[in-house]
Amino acid sequence: MTLDLDTRPLDVLADFPAIPAGWAYLDTAATSQKPRPVIDAITRGYAESYATVHRGVYQRSADMTFAYEAARRRVARFLGGDEREVIFVRGATEGINLVAQCWAGSQLKAGDRILLSQLEHHSNIVPWQMVAERVGAEIDVVPLTADQRIDLDAMAAMLTEKHKLVALAHVSNVLGSVLDCRRAADLAHGVGAKILLDGCQAVPRLPVDMAALDCDFYVFSGHKLYGPTGIGVLWGRYELLDAMPPYQGGGSMIDRVTFAKTTYAPPPGRFEAGTPHIVGVLGLHAAIDYVDSIGLARIHAHEAALVAQTRAALSSINSVRVFGPEASAGIVSFAVEGVHPHDVATILDEGQVAIRAGHHCAQPLMDSLGLPATARASFGVYNGARDIEALVKGVERVTRIFG
Ligand SMILES: Cc1ncc(COP(=O)(O)O)c(C=O)c1O
């Protein structure tokens with residue numbers, strides 16, 4: 001395999017101290033490795049500038065509050081939204097649960113319907129099932145096209161005025177399929193439904209802009225965007241957030257507390273009860289700066305080249321089946337005939353190649369593929385053609401071992 005220009009690393013490998021030479025880390029869809037500026041921001045946050053936020057009247061706390069709120073403005077700029085629309089949560093999972101409990105829990109009634117797709121992550125299924133059970137709503141599932149994208153023609157045919165919410169992955173964590181968000185939003189809004197996009201796998205790979213996507217809610221996790229774990233973002237239209245009841249009760253989310261009655265702070269504070277993940281927020285700020293310094297359009301082009309080369313190389317091996325559309329964003333799922341994906345991953349690991357094997361928290365998708373699991377290679381800014389060579393060499397070894 002020849003190294004072509006687009007699949008050389010983006011010259012950032014030296015920024016990632018936890019990637020030793022010769023190790024092909026191909027599990028970025030699970031979690032990304034951390035660049036030095038993120039590690040430094042976290043270290044400085046604890047070692048130099050640590051204090052609480054929104055409470056202290058002393059200078060250190062005021063400075064930390066300023067840094068925390070600067071991060072919120074940075075997220076808003078990254079997403080193309082207003083800072084009052086940015087809620088810090090633990091991750092995409094918490095963001096979706098928040099919308100399910102607070103928006104759907106207060107707006108949906110018996111007989112209403114929620115539309116999901118066949119390829120959703122469990123985080124974008126189970127919270128809706130929980131609220132649907134509570135209020136007596138029903139869930140419908142949009143099927144996939146032959147090339148395994150969410151079938152928006154089918155969605156158009158399925159939507160009715162009973163649908164109050166559509167929740168879809170912007171990019172599939174298994175197949176890399178990219179949603180035509182604008183069309184999905186137009187379809188949802190056409191019947192008066194709101195639309196939530198699960199942007200977990202999109203924000204590290206594509207430029208995103210809330211106005212262009214025209215969604216109502218958007219969620220992502222910091223740890224997949226080269227930031228820390230335990231921090232993520234729910235973006236929501238202000239008027240929707242403002243009409244929602246709180247998620248959790250506690251400090252910071254209140255306006256006035258008496259035993260007779262408590263009134264709540266406006267968004268975003270209303271949804272950030274308790275002392276937040278202060279240093280995680282600083283790390284997320286550094287991660288966004290880092291990704292923007294490379295440029296998401298450049299990252300996207302780079303990962304598209306890696307995907308194309310990986311798909312071509314794996315498809316040329318007789319016993320390998322590759323899933324997902326050709327134009328998948330940074331993620332390639334595959335199966336080796338007659339070999340369990342866990343065995344594939346174990347043998348690859350012996351050759352210093354780290355991939356994910358399993359159902360990828362998408363059991364309904366696995367059911368529709370008729371498989372218990374797949375092997376998945378997913379890319380990040382640090383990957384290049386050498387990683388693909390190591391992957392392909394490892395898969396060839398798998399086929400030799402299993403005959
Ligand atoms: C598409 C998608 N949605 C949701 C999640 C859940 O993210 P987290 O576990 O960070 O909350 C993931 C994580 O794998 C994902 O890939």
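The following questions and answers cover cores, helix packing and backbone features of a predicted model.

In this model, local features need pLDDT of at least 70 and side-chain atom pairs count only at pLDDT 80 or more, while totals for chains, interfaces and linings use all residues. Residues are numbered from 1 along each chain as its sequence is written, and side-chain values use heavy atoms, with hydrogens and water left out.

User: Which helix gives the most to the largest nonpolar core?
Analyst: A nonpolar core is a set of buried Ala, Val, Leu, Ile, Met, Phe, Trp, Tyr and Cys residues joined through side-chain atoms within 4.5 Å; buried means under 20% relative accessible area, with a 1.4 Å probe and protein chains only. The largest such core has 74 residues, and F88, M155, Y218 and V381 have the most contacts inside it. Eight of its residues come from one helix, a DSSP run of H or I with at least four residues, numbered from the N terminus. That helix, residues 278-294, is α9.

User: How are α2 and α9 oriented to each other?
Analyst: Axes are lines fitted to C-alpha atoms over the stretch in contact (heavy atoms within 4.5 Å), and angles run from 0 to 180 degrees between N-to-C directions. The axes of α2 (residues 59-79) and α9 come within 9 Å and cross at roughly 40°. Angles under 35 degrees count as roughly parallel, over 145 as roughly antiparallel, 65 to 115 as roughly perpendicular and the rest as oblique. The pair α2 and α9 is therefore oblique.

User: How are α10 and α13 oriented to each other?
Analyst: Helix α10 (residues 296-315) packs with α13 (residues 385-401), the axes being 10 Å apart at an angle of about 20°. Residues in this contact include L306 and Q309 of α10, and I388 and L391 of α13. The orientation of α10 and α13 is therefore roughly parallel.

User: Which residues does the cis peptide bond join?
Analyst: Omega of this bond is about 5°. One of its residues, P268, sits in the loop between β10 (262-264) and α9; strands are DSSP runs of E with at least two residues. The cis bond joins P267 and P268.

User: What is the relative accessible area of H360?
Analyst: H360 has a positive phi of about 60° without being a glycine. The loop between β14 (356-358) and α12 (363-369) holds H360. H360 is buried, and its relative accessible area is 1%.

Terms used
Buried means under 20% relative accessible area, exposed over 50%, partly exposed in between (1.4 Å probe, protein chains only).
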